[in-house]
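Student: I have a protein model open and would like to understand the words used to describe it. Could we go through them together?

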Amino acid sequence: MKKIFPIITGLVFLSLIGLIFFQFLWIKSAREAREQQFGDNINMALPEAAEELMTDKGIMVPQGKKPTLLFSTERLQYNLFKPSVVQRFTTGEVREIIRKAFEKHNLHKVEFEFAIVPTDVQIDDMKSENFMKFYLDSNSLENKRHIIPLEPPSGSNLENISQEEYLAVIVPHQGNIIWKSMRWFIFGAILFTIIITAAFFITIRTLLRQKKLSEIKSDFINNMTHEFKTPLATISLAVDALKNEKVVNDREKTNYFTGIIKEENKRMNKQVETILQAALLDKQAVELNLRPLQVHNVLHSIAENFKLQLDEKMGRVELEFDATDDCVEGDEVHFTNMLSNLLDNGIKYAKSDTPPVIKITTQNVGKFVRIRIEDNGIGMNKETLTRIFEKFYRAHTGNVHNVKGFGLGLSYVKTMTEAHNGKIKVESTPGKGSVFTIEIPVS
């Protein structure tokens, strides 16, 4: 697992980088293709618009002039006045002609500005409202300019006699238009890239958790083997002693060894019950028998139960009850076990050269009673703090078996606290001790 995991991570990571790289190349290539297609569509639409603008609309003379009788034919009048597009069309008509040409070539809703520019300075040009604004905008490279000469079709009345004019069209922010036309493709590419990336990180996270779980289970099996091996060895020695003739005839010794067997049997049963209880908690099959409990009474009782253990290590419990309302709805057995586990840990993880001191305080905080259990033990580092409530997790203290247990105690405490609608938090400093704070709603 240790060798395969980095390989899997590396391969998936390289695949992800490759996917993102080729997605980028695909989007870039697609944009270039769209830009080329967009330009081709404009290059096809503008000649059609120019041809429409050069269509003969009949006799046109300059405004304010009357046709003279010296020139009787329409051809001669055209030859004299050389009518321009500006004279024959209005701005709105020119815009509509260009618009129709654009729509014919799939340029729907594309905004544009235009101008009709004659070469004869005596003839006014024609500009759309915002043409000069975009024409003079030198900072924008996205305002694409397209210029095409206006030439009459061969054989028309305007051939060789029309003014020389140019149609100038500016498409503002052409790049934005192209990106906008690709938005769904880009959105899809980004969405699926995010999904694949998320799947990658979830996979890695799952593999890491499985790796940790495998290590925790291995530790649990080792601890369980050790925990059962000791009482079994003791029972085996006691049984062998009972077979001794001297012991068989000595009632006092017989009672002593049978007492050892009974105590070790109880110890094993308790360990089995602990494991089974953990299984029930996993299935959420534990039913609480809730009834009013006085927290201070429970804490007094627990402190008395641990007095002998503390006396052996020359330690003590300090009680400081400031809560005025300590009545809660709780299951007496589980509530007592929950708090007992915290005191038990305070004694187990005491410093070898310092007598354990467990300080228990209570106070009311809003609608909760806060129980604070502080010890002066070895404390915990940051990694242990983040995992302390995980099932089967045990902090490494140099010797795996110097503190007995399966790593189920604090997991049980957290589960029971939440089952009582409470919350728990822990603070700790290595070498200085730990503080567990439980808040349970008052009834």
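**Reading the strands and helices**

Tutor: Gladly! Keep in mind that this is a predicted model. Let's begin with strand E9 (residues 368-374): Val369, Ile371 and Ile373 make up its covered face, while Phe368, Arg370, Arg372 and Glu374 lie on the uncovered one.

Student: Why do the side chains swap faces along a strand?

Tutor: Because side chains in a regular strand alternate between the two faces of the sheet.

Student: How do you know that strand E8 (residues 357-365) and E9 pair?

Tutor: Two strands count as paired if DSSP finds at least two bridges between them. E8 and E9 are joined by seven bridges and run antiparallel, so they pair by that definition. One example is Gln363, whose bridge partner in E9 is Arg370.

Student: What lies between the strands in the hairpin of E8 and E9?

Tutor: That hairpin has two residues between its strands, and Gly366 takes a positive phi near 65 degrees there.

Student: Which strand, from residues 433-441, is joined to E9 by seven bridges?

Tutor: That is E11, and E9 and E11 run antiparallel. Within this pairing, Ile373 stands opposite Phe436 in E11.

Student: What makes a strand an edge strand in the open sheet of four strands?

Tutor: An edge strand pairs on one side only, as do strand E2 (126-127) and strand E3 (144-150). The order is E2-E1-E4-E3, with antiparallel pairing. Helix H4 (residues 91-104) packs on this sheet, where it touches strand E1 (113-118), E2 and E4. The direction of H4 makes about 120 degrees with that of E1.

Student: How many bridges are there between E3 and strand E4 (residues 165-171)?

Tutor: Seven, in the antiparallel sense. Leu150, for instance, stands opposite Glu165 in E4.

Student: Why are H1 and H6 called oblique to each other?

Tutor: Helix H1 (residues 4-53) and helix H6 (residues 174-181) pack at an angle of about 120 degrees, with axes 10 Å apart. Roughly perpendicular covers 65 to 115 degrees, and roughly antiparallel means over 145. The angle of about 120 degrees fits neither range, so H1 and H6 are oblique. H1 passes H6 in a right-handed crossing.

Student: Which residues of H1 and H6 meet?

Tutor: From H1 they are Ile27, Arg31, Arg34, Glu35, Phe38 and Ile42; from H6 they are Gln174, Gly175, Ile177, Ile178, Trp179 and Ser181. By class, this contact has six nonpolar, three polar and three charged residues.

Conventions: Residues are numbered from 1 along each chain as its sequence is written. This is a predicted model: local features need pLDDT of at least 70, side-chain atom pairs count only at pLDDT 80 or more; totals for chains, interfaces and linings use all residues. Side-chain values use heavy atoms; hydrogens and water are left out. Axes are lines fitted to C-alpha atoms, for helices over the stretch in contact, and angles run from 0 to 180 degrees between N-to-C directions. A crossing is left-handed if the near helix is turned anticlockwise from the far one by less than a right angle, and right-handed if clockwise. Contact means heavy atoms within 4.5 Å. Ala, Val, Leu, Ile, Met, Phe, Trp, Tyr, Cys and Pro count as nonpolar, Asp, Glu, Lys and Arg as charged, and the others, Gly among them, as polar. Buried means under 20% relative accessible area, exposed over 50%, partly exposed in between (1.4 Å probe, protein chains only).
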